[in-house]
Amino acid sequence: EAEARRQAEAKLRRLELEAQAPPPPPAPALPAAAPPPPDDDGGSIWQSPWFWAITGAVAAGGAVTAAVLVSQSSSSDPYAGTTGVTLRP
């Protein structure tokens with residue numbers, strides 16, 4: 001019986017020491033996963049720089065064409081051509 005008591009007291013001391021021991025350090029935190037990249041569907045056509053470059057080129061070409069057509073001298077004779085030959089009906 002004395003042996004059993006001694007073993008029980010030793011076990012009790014071990015348990016008390018374990019209870020008083022500081023808890024183990026927490027496991028290192030895993031780095032937060034980066035959020036997934038947004039779906040890149042190309043965005044709106046209005047946000048595309050190519051759209052605005054092409055639109056600007058078309059508008060500039062139209063403006064130049066209109067200016068050239070308006071600035072051409074008109075002949076007083078509606079039947080006169082560019083060959084210098086005038087055809088009369």
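Q: Before anything else, within what distance must the centres of two aromatic rings lie to pair?
A: Rings of Phe, Tyr and Trp (its six-membered ring) pair if their centres lie within 6.5 Å. If the planes are over 60 degrees apart, the pair counts as edge-to-face.

Q: OK. How many aromatic pairs does the structure hold?
A: This is a predicted model, and it holds three aromatic pairs. One of them joins W46 and F51, whose ring centres are 5.1 Å apart. The planes of W46 and F51 stand at 90 degrees, so that pair is edge-to-face.

Q: And what about the rings of F51 and W52?
A: The centres of F51 and W52 are 4.9 Å apart, with 80 degrees between the planes. That angle is over 60 degrees, so F51 and W52 are edge-to-face.

Q: Which residues make up the aromatic cluster, then?
A: W46, F51 and W52 form one cluster.

Q: Is F51 buried, exposed or partly exposed?
A: F51 is partly exposed, because its relative accessibility is 23% and buried means under 20%.

Q: How about W46, buried or exposed?
A: W46 is at 56% relative accessibility, so it counts as exposed. W52, at 48%, is partly exposed.

Q: Which residues make the nonpolar surface patch?
A: I45, W46 and W52 make it, and the patch covers about 390 Å². W46 and W52 also belong to the aromatic cluster.

Q: Where is W52 found?
A: W52 sits in helix α2, which covers residues 49-71.

Q: How far does α2 reach, first C-alpha to last?
A: The 23 residues of α2 reach 33 Å, which is close to the 33 Å expected at 1.5 Å a residue.

Q: What happens at the start of α2?
A: There, a side-chain oxygen of S48 comes to within 3.3 Å of the backbone nitrogen of W50.

Q: Switching topic. How many salt bridges are there?
A: A search of the whole structure finds two. In one, E3 pairs with R6, and the closest N and O atoms are 2.6 Å apart. In another, the side chains of E9 and R5 meet at 3.3 Å, N to O.

Q: Where do E3 and R6 lie along the chain?
A: Both are in helix α1, residues 2-20. E3 and R6 are three residues apart, so about one helical turn separates them.

Q: How many residues apart are E9 and R5?
A: E9 and R5 are four residues apart, about one turn, and both lie in α1.

Q: Is R5 buried or exposed?
A: R5 is exposed, because its relative accessibility is 57% and the cut-off for exposed is over 50%. Its partner E9 is partly exposed, with a relative accessible area of 36%. In the other bridge, E3 is partly exposed as well, with 42%.

Q: Zooming out, how many helices and strands does the chain have?
A: The protein chain has two helices and zero strands.

Q: What share of the residues is buried?
A: Buried residues are 1% of the 89 in the protein chain.

Q: And how much area does the chain expose?
A: About 8700 Å² is exposed, and carbon and sulfur atoms supply 65% of that area.

How values were computed:
Residues numbered from 1 in each chain as written. Predicted model: local features only at pLDDT ≥ 70, side-chain atom pairs only at ≥ 80, totals over all residues. Heavy atoms only, no water. Patch = residues over 30% accessible without salt bridge, like charges linked within 9 Å, V, L, I, M, F, W, Y side chains within 5 Å. Areas by Shrake-Rupley, 256 points an atom, 1.4 Å probe, with all protein chains shown as cover. Salt bridge = Lys/Arg side-chain N within 4 Å of Asp/Glu carboxyl O. Buried < 20%, exposed > 50% of the residue type's maximum accessible area, 1.4 Å probe, protein only. Expected span 1.5 Å × (residues − 1). Polar contact = N/O pair within 3.5 Å; in protein donor to acceptor, adjacent residues only side chain to side chain. Phe/Tyr/Trp six-rings, centres within 6.5 Å; stacked < 30°, edge-to-face > 60°.
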